[in-house]
Structure formats: structure tokens, C-alpha cells
Amino acid sequence: MIAYATGGGTSDKSSIAVMNADGSGRRRLPHSDYGEYPSWSPDAKRIALNSNLSGGPLMYIVDVDGSRVVDLSGVGDGGQVAWSPDGRSILFASHRDRRDNYGKPTCPVVSL
């Protein structure tokens, strides 16, 4: 399967969608409004994504079948998620520890 950020279209709202490699079976993931940067978990059952729905770059993890959404907003703003090989942690880029929001991003780790 392929995960990708859809264009804004007429609603000007992007989202994350998945489809089979041949283009069939396309569907939008729940809770992915204004979503971008999808990242597959190592077991290919979950996708981490960013969403700017609230105005800031927040992260979520969504089961590919849409059955469960994990809100990671409690860890602060972040993005560009990378999974650990065992899928039990994620690494992400963040400016949350920078008052000016312009310095080099830090790379915190969240255990899941």
C-alpha cells in the first residue's frame, strides 16, 4: 500500500489517503484533515502523520483500517516522524524547546 497527502482541492483541506500500488482501493484516513508527512510503522499496520488542523503541527498515529487514532498532541508540536525498528517509539523534529521557533529543531523520542 501507498500512503500520501492529498491535495487541498476545492475545500483547500489536505488529508492522508492510502491506496494499493495499482491505484485501486483508495480511501481517506480518519482524523487526517490537513494531514501531511505520512510515515508507515515497521509492521505496516499504523501510520504516523502531522496535522495542522488546530493551527500547529501536531502528530497522530492512525491504524490503517481507521479503527484507532492516537493523539500525540500532549508531547507538543512536532513532525517528520521516523519509527524505531520495533515500532515502540517514534523520533520527530520539533521546535518546542525554542522560544524563537527558528533555531535548529530538536529530535525528541516518544515511547508508544
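**Exercise 1. In this predicted model, find which residue forms a salt bridge with arginine 68.**

Step 1. Look for a carboxyl oxygen within 4 Å of a side-chain nitrogen of the arginine, since that is the cut-off for a salt bridge.

Step 2. The partner is aspartate 63, and the closest N and O atoms of the pair lie 3.6 Å apart.

Step 3. Searching the whole structure turns up one salt bridge.

**Exercise 2. Decide for arginine 68 whether the residue is buried, partly exposed or exposed, and do likewise for aspartate 63.**

Step 1. Recall the limits: buried is under 20% relative accessible area, exposed is over 50%, and partly exposed lies in between.

Step 2. Arginine 68 has 44% relative accessibility, so this residue counts as partly exposed.

Step 3. Aspartate 63 has 14%, so this residue counts as buried.

**Exercise 3. Describe the surroundings of aspartate 63.**

Step 1. Start with the backbone: aspartate 63 belongs to strand S6, which covers residues 58–63.

Step 2. Now follow the side chain, which makes a polar contact of 3.3 Å with the side chain of serine 67.

Step 3. Setting aside neighbours within four places in sequence, the residues in contact with aspartate 63 are Leu29, Lys45, Arg46 and Arg68.

**Exercise 4. Work out how strands S8 and S9 are arranged.**

Step 1. Strand S8 (residues 79–83) and strand S9 (residues 89–93) run antiparallel and are joined by three bridges.

Step 2. Take one residue as an example: tryptophan 83 has isoleucine 90 in S9 as its bridge partner.

Step 3. Finish at the turn of this hairpin: five residues sit between the strands, and glycine 87 has a positive phi near 75 degrees.

Technical notes: Residues numbered from 1 in each chain as written. Predicted model: local features only at pLDDT ≥ 70, side-chain atom pairs only at ≥ 80, totals over all residues. Heavy atoms only, no water. Buried < 20%, exposed > 50% of the residue type's maximum accessible area, 1.4 Å probe, protein only. Helix = DSSP H or I, 4+ residues; strand = E, 2+ residues; numbered from the N terminus. Polar contact = N/O pair within 3.5 Å; in protein donor to acceptor, adjacent residues only side chain to side chain. Contact = heavy atoms within 4.5 Å. Pairing = 2+ DSSP bridges.
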